[in-house]
Amino acid sequence: MDINDFNYDLPEELIAQEPSKIRYESRLLVINKRKKTYQDKIFKDIVDYFHEGDVLVRNNTKVLPVRLYGIKEGTNAHVELLLLKDLGNDIHEALTGNAKAVKKGSIIHFGNDILKAECIEVKEEGIRLYKFFYQGIFLERLEEVGKMPLPPYIHKQLLDNERYQTVYAKVVGSSAAPTAGFHFTDDLFEQLKAKGVEILDITLHIGLGTFRPVKTSLVEEHHMHSEYYEISPMVASRLNLAKKENRRIIALGTTSTRTLEANFTKYGQFKDSKEETDIFIYPGYHYQAINALITNFHLPKSTLIMLVSAFMGREFTLEVYRHAVKEKYRFFSFGDAMFIYDGED
């Protein structure tokens with residue numbers, strides 16, 4: 001498949017620069033992929049589309065302020081790091097801005113030496129491994145000098161860092177937020193529970209695999225970087241029971257989708273696991289784990305729009321996106337959402 005098969009025209013003014021003032025007041029496009037119909041709603045209306053017995057699976061990863069701005073020792077060159085993965089022993093994998101300036105042995109200073117990092121390995125595509133040096137607790141030092149890793153298309157400063165977290169964020173370690181979850185409040189979750197909806201948490205720490213742009217002209221040649229995920233024994237058991245009883249499993253976000261699909265396709269059922277996945281979902285993929293999907297509107301030619309296209313068909317996906325553009329939905333991380341389901345009602 002050609003990467004341009006997943007392109008669409010998006011006016012720049014539709015790229016949301018800040019979150020909606022109230023989480024659940026963002027817009028919602030409700031899509032029946034079987035009947036190929038869609039309706040314009042407000043996000044809080046999503047409760048109406050859940051049924052008793054449904055299972056909602058959300059990614060409880062918590063974003064760290066992993067964007068670091070530093071100075072290279074010896075040359076005073078400005079270097080930007082985006083920490084992607086904690087490899088243990090104070091060694092982190094990082095995407096490096098101004099990567100040409102950073103060689104093995106380069107020392108980078110951050111925040112008047114609150115943090116210091118030595119490059120210990122040079123990898124491809126701007127990725128480096130760094131050994132960090134600091135006093136005290138690393139996460140506390142990171143909170144002092146790090147910035148929230150907002151995507152490059154967001155140009156406004158975020159006044160409240162908590163708006164780049166979901167209300168259920170719990171397990172620290174992510175380099176980006178599972179943004180479909182931004183629309184939910186504790187009250188909405190309580191409304192779902194009152195309807196008999198079961199809510200389960202899994203963890204996938206979002207790294208380069210989720211937001212790395214596709215640079216190959218052929219989709220199949222793109223390589224996904226691996227990301228760490230966890231599914232507990234209790235969650236695996238509850239998901240298997242839902243499958244056995246033919247109840248809907250609804251993924252909140254593409255990261256929940258990738259976690260569930262990777263786990264189920266590997267084991268033939270849901271299995272408790274602490275491992276990594278580099279699953280790449282694009283048209284031709286047969287979904288086995290989930291029945292419905294809540295997600296935001298994604299970048300043209302991205303792996304995420306491919307994942308959605310695999311779920312409801314490429315041509316119908318592009319039709320839906322054209323509708324969203326026409327109706328001036330807000331796009332990307334702080335934008336509006338879709339609820340995609342398969343049914344007669």
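## Cavities and a surface patch

In this predicted model, the lining of the second largest cavity comprises six nonpolar residues, one polar and one charged.

**Exercise 1.** Find which residues line the second largest cavity, and sort them by class.

*Solution.* Start with the list. M224, R258, I279, F280, I281, T303, L304 and L307 form the lining. Next, apply the classes. Arg counts as charged, so R258 is the one charged residue. Thr falls among the others, which count as polar, so T303 is the one polar residue. The six nonpolar residues are M224, I279, F280, I281, L304 and L307. Then look for the main contributor. Helix α6, residues 303-312, gives the most to this lining, with three residues. Finally, add the volume: this cavity holds about 40 Å³ of space.

**Exercise 2.** State how many cavities of 30 Å³ or more the whole structure has, and describe the largest.

*Solution.* First, the count: a search finds two. Next, the volume: the largest cavity has about 60 Å³ of space. Now the lining: P19, S20, R23, S26, R163, F182, H183, S333, F334 and G335. By class, three are nonpolar, five polar and two charged. The charged pair is R23 and R163, because Arg counts as charged.

**Exercise 3.** Decide whether L139 is buried, partly exposed or exposed, and place L139 on the surface.

*Solution.* Locate the residue: L139 lies in helix α1, residues 138-145. Take its relative accessible area, 37%. Buried means under 20% and exposed over 50%, so L139 is partly exposed. Last, find its partners: with I137 and V172, L139 makes a nonpolar surface patch of about 240 Å².

Conventions: Residues are numbered from 1 along each chain as its sequence is written. This is a predicted model: local features need pLDDT of at least 70, side-chain atom pairs count only at pLDDT 80 or more; totals for chains, interfaces and linings use all residues. Side-chain values use heavy atoms; hydrogens and water are left out. Patches are made of residues with over 30% relative accessible area and no salt bridge: like charges are joined within 9 Å, nonpolar side chains (Val, Leu, Ile, Met, Phe, Trp, Tyr) within 5 Å. Accessible areas come from the Shrake-Rupley method with a 1.4 Å probe; for residues, only the protein chains shown count as cover. A salt bridge is a side-chain nitrogen of Lys or Arg within 4 Å of a carboxyl oxygen of Asp or Glu. Helices (H or I, at least four residues) and strands (E, at least two) are DSSP runs, numbered from the N terminus. Buried means under 20% relative accessible area, exposed over 50%, partly exposed in between (1.4 Å probe, protein chains only). On a 1 Å grid over the protein atoms alone, a cavity is a set of points where a 1.4 Å probe fits but cannot get out, and a pocket is an open set with protein on both sides within 12 Å along at least five of seven lines; lining residues have an atom within 4 Å of a point. Grid points are joined across faces, edges and corners, and a volume is the space filled by probe spheres set on the points.
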